[in-house]
Amino acid sequence: MSTASYSNSSGDEPNKKPDAQNEESSHLLEATENGAKYGSRQAVKIVKANANESANASLQDQENLLGNMVHTSTENKSRTLPQYVAALAAAGGAFAAGTLLGWTSPAETSIVDGSANYNFDVTTEQFSWVGAFMTLGAACVCIPIGFLINQIGRKWTMLLLVLPFIVGWAMLIWAQNVVMMYVARFILGIAGGAFCVTAPMYTGEIAQKDIRGTLGSFFQLMITIGILFVYGLGAGLNVFWLSIICGLIPIVFGVIFFFMPESPTYLVSKGRSESAVQSIQWLRGKEYDYAPELEELHQTDREIREQRVNIWAALTRPVTIKAMSISLGLMFFQQVSGINAVIFYSEGIFEAAKTGIDSSLSTILIGVMQVVATLASTIVVDKLGRRLLLLASGIVMALSTTAIGVYFFLKDQDENSVANLGWLPVASLCIFIIMFSIGYGPVPWLMMGELFATDIKGFAGSIAGTTNWVLAFIITKTFKNLTEGLGSGPTFWLFSGLTVVGVFFVFFVVPETKGKSLNEIQQELAGNQNASSLQPENNGAKK
């Protein structure tokens, strides 16, 4: 589409006038800038074609043309505010999922002691399963949702998830027995787990590459805000009204997100080019020249269709295997870092330190730290990069869990020996949560939406999401057995050792995706290290 318009400016006439040549330079520059911004291979091909056709021009003319391409500023006006709005709207589902995750903390005490508005008893062991059934629901839905995403689209999949949210909360609010609570939490887990796959994918496809990291981090940010929201409400409301408010949040999300556009990538894959143009213009603004970006989407779609294979063949492609290894590795090390164990022990740590802080306030404090740190991550992820955040996060988390392990090991040996060390686990806990929220919390989900090719993204992302939730379930349910078998201190040291392994994994295996288009990431995974570079065409240019 854009190829034709630019090709008409090629050097068919040997004796062009200066004005025409300047116009050609402007067209070439615009193509190059659009390609640089969105990783458009089409733009690079255009520049190469025009350079070849101008081979009969004098050397001086070529140098002038290259100079103009480097120094002239032709701006393709792209608005970012609509992209922020759409990403935040999609992250509203993550907020709903956050309330689901945080609900068990303020609800447990009143439900177990019988003060909640339920006409049946719930033991501590039964309530642990109430929490665990959510992770099972999330694990079961991730793979099926991958197929649904590709059938009805990212937008309508997320809108459809409002229904299980409403049904789940209604069953939980008016549960008549423990089994009904199990079923309710399982259904809610289905909705929350599906969002963990769909929302990062949607955000990764609507965002231009220079802000994709920031927008992708909104998902984890809104989860932490949802958790903090429930902690705050739980300190002042009973379980019934807390659950009512949580049940209303998905409805509010559905109303807002209904007005957001569908992913242009999905629309192009379904042959709906006009709708894709409307979506791009909604996201980038009416003055934005959508042609290069649309042409790149079509080019990618054509390549996928030409190489279309079944799911198994797509999964066994070398580039998919590499992307899958990276994504699953990040999900694995996220869960074995000990985040659930640290949060599980948080109230006990605050009590042991004799800080005088009420247990409900301690959970709120943890929630505030998570929100602030995740917010900081959204600000710096596109400046510092994914690898640096993961490496810094992993190193500091390993040191923190080592310190917590030392404290509990000494406490198990002689409680009096740690009488003056109450500050150690509290400081380590706070540092751990902050660093997790900056790196290992948001980045694995962000990169899940970046690493996979369009034709396999839904299914591969679902496998990564399933892996994460299965690991969360296993670690949550086996943590008590580990502490009984190994002791509290060695258990935390185990988490620390696994986190150190994760640091080496990130250093040697995980690529940097900051500032790269989704196509450039695929090329780099395939072994083309110069995928994002336009420099070879400008070897003769001097600044």
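Start by selecting Val 371: this residue is buried, at a relative accessible area of 15% (buried means under 20% relative accessible area, exposed over 50%, and partly exposed in between, using a 1.4 Å probe and protein chains only). You'll find Val 371 in helix α19, residues 359-384 (helices are DSSP runs of H or I of at least four residues, strands are runs of E of at least two, and both are numbered from the N terminus). Keep in mind that you're looking at a predicted model, where local features need pLDDT of at least 70, side-chain atom pairs count only at pLDDT 80 or more, and totals for chains, interfaces and linings use all residues. Residues are numbered from 1 along each chain as its sequence is written, and side-chain values use heavy atoms, with hydrogens and water left out.

Now show what surrounds Val 371. Not counting residues up to four places away in sequence, Val 371 touches Leu 221, Thr 224, Ile 225 and Leu 228 (contact means heavy atoms within 4.5 Å). Draw a distance from Val 371 to Leu 228: they are 143 residues apart along the chain, with their C-alpha atoms separated by 7.7 Å.

**Zoom out for a moment**

Color by secondary structure and you get 25 helices and zero strands. Of the 543 residues in the protein, 55% are buried. Among contacts between residues at least 6 apart in sequence, 82% join residues at least 24 apart.

**Next stop: Phe 473**

Jump to helix α23, residues 454-486, and pick out Phe 473. Is Phe 473 buried or exposed? It's buried, with a relative accessible area of 18%. Leaving out residues up to four places away in sequence, the contacts of Phe 473 are Trp 129, Ala 132, Thr 135 and Leu 136. For a distance to draw, try Phe 473 to Met 134: 339 residues apart along the chain, 8.9 Å between the C-alpha atoms.

**Helices α9 and α12**

Select Val 162, which sits in helix α9, residues 162-173. Val 162 counts as buried, at 11% relative accessibility. Set aside its neighbours within four places in sequence, and Val 162 is in contact with Pro 250, Ile 251, Phe 253 and Gly 254. Gly 192 is 30 residues away from Val 162 along the chain, and their C-alpha atoms are 9.9 Å apart.

Then move to Leu 248 in helix α12, residues 239-257. Leu 248 is partly exposed, with a relative accessible area of 47%. Its C-alpha atom is 7.8 Å from that of Ile 166, 82 residues apart along the chain.

**Thr 203 and the cysteines**

Helix α10 covers residues 178-206, and Thr 203 lies in it. Thr 203 is buried, at 6% relative accessible area. Again skipping residues up to four places away in sequence, Thr 203 touches Ala 87, Ala 90, Leu 215 and Gly 216.

Highlight the cysteines next. How many disulfides are there? Zero, going by a cut-off that pairs cysteine sulfur atoms within 2.5 Å. Cys 196 is in no disulfide, and the nearest cysteine sulfur, that of Cys 142, is 6.9 Å away. Cys 196 is buried, at a relative accessible area of 4%, and Cys 246 is buried too, at 0%.

**Two helices to check with a ruler**

Show helix α17, residues 318-335, and put a distance between its end C-alpha atoms: they are 26 Å apart, which agrees with the 26 Å that its 18 residues should span (the expected span is 1.5 Å times one less than the number of residues). Buried residues along α17 include Val 319, Ala 323, Met 324, Ile 326, Leu 330, Met 331 and Phe 333.

Do the same with helix α24, residues 488-509. Its 22 residues should span 32 Å, and the end C-alpha atoms are 31 Å apart, which agrees. Among the buried residues in α24 are Phe 492, Phe 495, Val 503, Phe 505 and Val 506.

**Last stop: α22 against α25**

Select helix α22 (residues 443-451) and helix α25 (residues 518-525), whose axes come within 9 Å and cross at roughly 85°. Axes here are lines fitted to C-alpha atoms, for helices over the stretch in contact, with angles running from 0 to 180 degrees between N-to-C directions. α22 and α25 are therefore roughly perpendicular to each other (65 to 115 degrees; under 35 is roughly parallel, over 145 roughly antiparallel, and the rest oblique). Show side chains where Gly 449, Glu 450 and Leu 451 in α22 meet Leu 518, Ile 521, Gln 522 and Leu 525 in α25.
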